[in-house]
Amino acid sequence: MSEDSAAVVAGVDGSEHSRRALEWALHAARNLGAPLTVAHVRPDALQLGSARIASLGPAPEIPDTVVDALAAEVGPRAEGLDVRYASLDGSVVDALAGAAAGAQLLVIGSRGRGGFKSLLLGSTGRALAASAPCPLVVVPHEARAASLDTGAEAGRVLLGLHPDETPDEVVDFAFRTARRRGVALEVVTAYPVPPSPALLIGAPAPAMQIPPPLPDETNELAATTGRHQEERLRPFAERYPDVEVSRAVTPADAAGRLVEDSKEAGLVVVGRHRRHRVETLLVGSVAHAVLHHASCPVAIVPPAPQP
């Protein structure tokens with residue numbers, strides 16, 4: 001299946017959070033010119049084992065009241081789109097991951113609570129962030145995001161980049177998304193702040209104030225990080241010359257900068273690293289923080305499968 005013909009998959013459960021994700025997926029499918037699959041895992045079929053698609057086709061063929069209701073809701077807004085509905089059996093994570101095999105995007109909602117400032121992913125979101133076979137987009141709840149647009153009106157694309165670790169697939173996804181939307185790409189990279197000499201000697205006394213790093217040393221770290229960032233981005237900038245790129249380096253806390261800038265952005269893009277095995281590490285500390293606190297949708301992009 002070519003990327004152009006691959007579907008956008010929206011995981012839904014009838015909640016308001018998943019309805020926001022479905023709305024975003026509708027915009028994305030239209031923007032991509034892609035088919036849309038609306039996937040629902042039946043709550044009475046959570047047995048272990050690999051998920052299977054129980055039904056795939058027009059909504060009237062599916063004996064699932066949740067999907068029927070969603071089909072009635074989606075229909076008026078899906079004119080011109082190829083929309084199909086999948087009623088799935090199996091665990092939620094396995095079922096959605098199976099439905100997303102070969103897809104362009106898997107889109108889910110957060111489990112954030114309306115008045116809370118955090119996005120508060122549930123266990124399903126965390127597991128899919130660590131294991132989805134395609135880019136996973138987590139759409140925040142209404143209290144954290146005013147717009148569900150996936151075009152220029154939503155704002156720029158943000159990319160969290162570690163020059164030595166971020167897979168090429170992540171960088172390419174960010175550039176392609178920015179080009180498709182006709183928006184700028186902001187790339188954020190953190191540099192380590194050197195420890196104070198007091199920390200190298202031992203634990204300071206409670207009243208001791210730790211002096212900051214020397215300005216020259218910090219400036220050199222920032223400059224070196226900026227050069228590495230520019231070198232890493234150069235081939236992608238040449239591949240996508242029409243994408244406007246702004247570059248930022250920040251001391252120690254890339255997640256904080258991404259979360260702050262997400263207030264005026266349309267999408268944050270972060271990578272998933274192959275080398276980790278523990279789920280929270282597999283996603284990475286920056287991705288984990290952004291998923292819980294960003295004000296706009298977040299895309300977690302996996303590396304290419306190993307041969």
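# Exercises on a predicted model

Tyr240 is buried, with a relative accessible area of 5%. Keep this residue in mind as you work through the exercises on this predicted model.

**Exercise 1.** Find out which residues form one aromatic cluster, and describe the ring pairs in it.

*Solution.* Start with the count: the structure holds 2 aromatic pairs. A pair of aromatic rings is described by the distance of the centres and the angle of the planes.

Take Phe175 and Phe236. Their ring centres are 6.0 Å apart and their planes meet at 25°; planes under 30 degrees apart count as stacked, so this pair is stacked. Next, see where the partners sit: Phe175 belongs to helix α5 (residues 168–181) and Phe236 to helix α7 (residues 215–239), 61 residues apart, so the pair links distant parts of the chain.

Now return to Tyr240. The centres of the Phe175 and Tyr240 rings are 5.7 Å apart with planes at 25°, so this pair is stacked too. Tyr240 lies in the loop between α7 and β9 (245–251), 65 residues from Phe175.

Put the pairs together: Phe175, Phe236 and Tyr240 form one aromatic cluster.

**Exercise 2.** Decide whether Phe175 is buried or exposed.

*Solution.* Buried means under 20% relative accessible area. Phe175 has a value of 0%, so Phe175 is buried. Its partner Phe236 is buried as well.

**Exercise 3.** Describe the surroundings of Thr150.

*Solution.* First locate the residue: Thr150 is in the loop between β6 (136–139) and β7 (156–160). Then check its exposure: the relative accessibility is 4%, so Thr150 counts as buried. Next, list its contacts, leaving out residues up to four places away in sequence: Trp24, His27, Ala28, Asn31 and Arg181. Finally, look at His27, whose backbone oxygen lies 3.4 Å from a polar atom of the Thr150 side chain.

**Exercise 4.** Work out which residues in the largest nonpolar core touch the most other members.

*Solution.* This core has 45 residues, and those touching the most other members are Trp24, Leu36, Val107, Leu159, Leu185 and Val269. Helix α1 (residues 16–32) gives the most to this core, with 7 residues. Apart from this core lies another, of 35 residues, including Ala100 and Ile108.

Now zoom in on Leu36. Beyond its neighbours within four places in sequence, its contacts include Val8, Leu22, Leu26 and Val83.

**Exercise 5.** State how many helices and strands the chain has, and what share of its residues is buried.

*Solution.* Count the elements: 10 helices and 11 strands. Then take the share: buried residues make up 49% of the 307 residues in the chain.

Note on methods: Residues are numbered from 1 along each chain as its sequence is written. This is a predicted model: local features need pLDDT of at least 70, side-chain atom pairs count only at pLDDT 80 or more; totals for chains, interfaces and linings use all residues. Side-chain values use heavy atoms; hydrogens and water are left out. Helices (H or I, at least four residues) and strands (E, at least two) are DSSP runs, numbered from the N terminus. Buried means under 20% relative accessible area, exposed over 50%, partly exposed in between (1.4 Å probe, protein chains only). A polar contact is a pair of N or O atoms within 3.5 Å; within protein, one must be able to donate a hydrogen and the other to accept it, and residues adjacent in sequence count only if both atoms are side-chain atoms. Contact means heavy atoms within 4.5 Å. A nonpolar core is a set of buried Ala, Val, Leu, Ile, Met, Phe, Trp, Tyr and Cys residues joined through side-chain atoms within 4.5 Å. Rings of Phe, Tyr and Trp (its six-membered ring) pair if their centres lie within 6.5 Å; planes under 30 degrees apart count as stacked, over 60 as edge-to-face and the rest as tilted.
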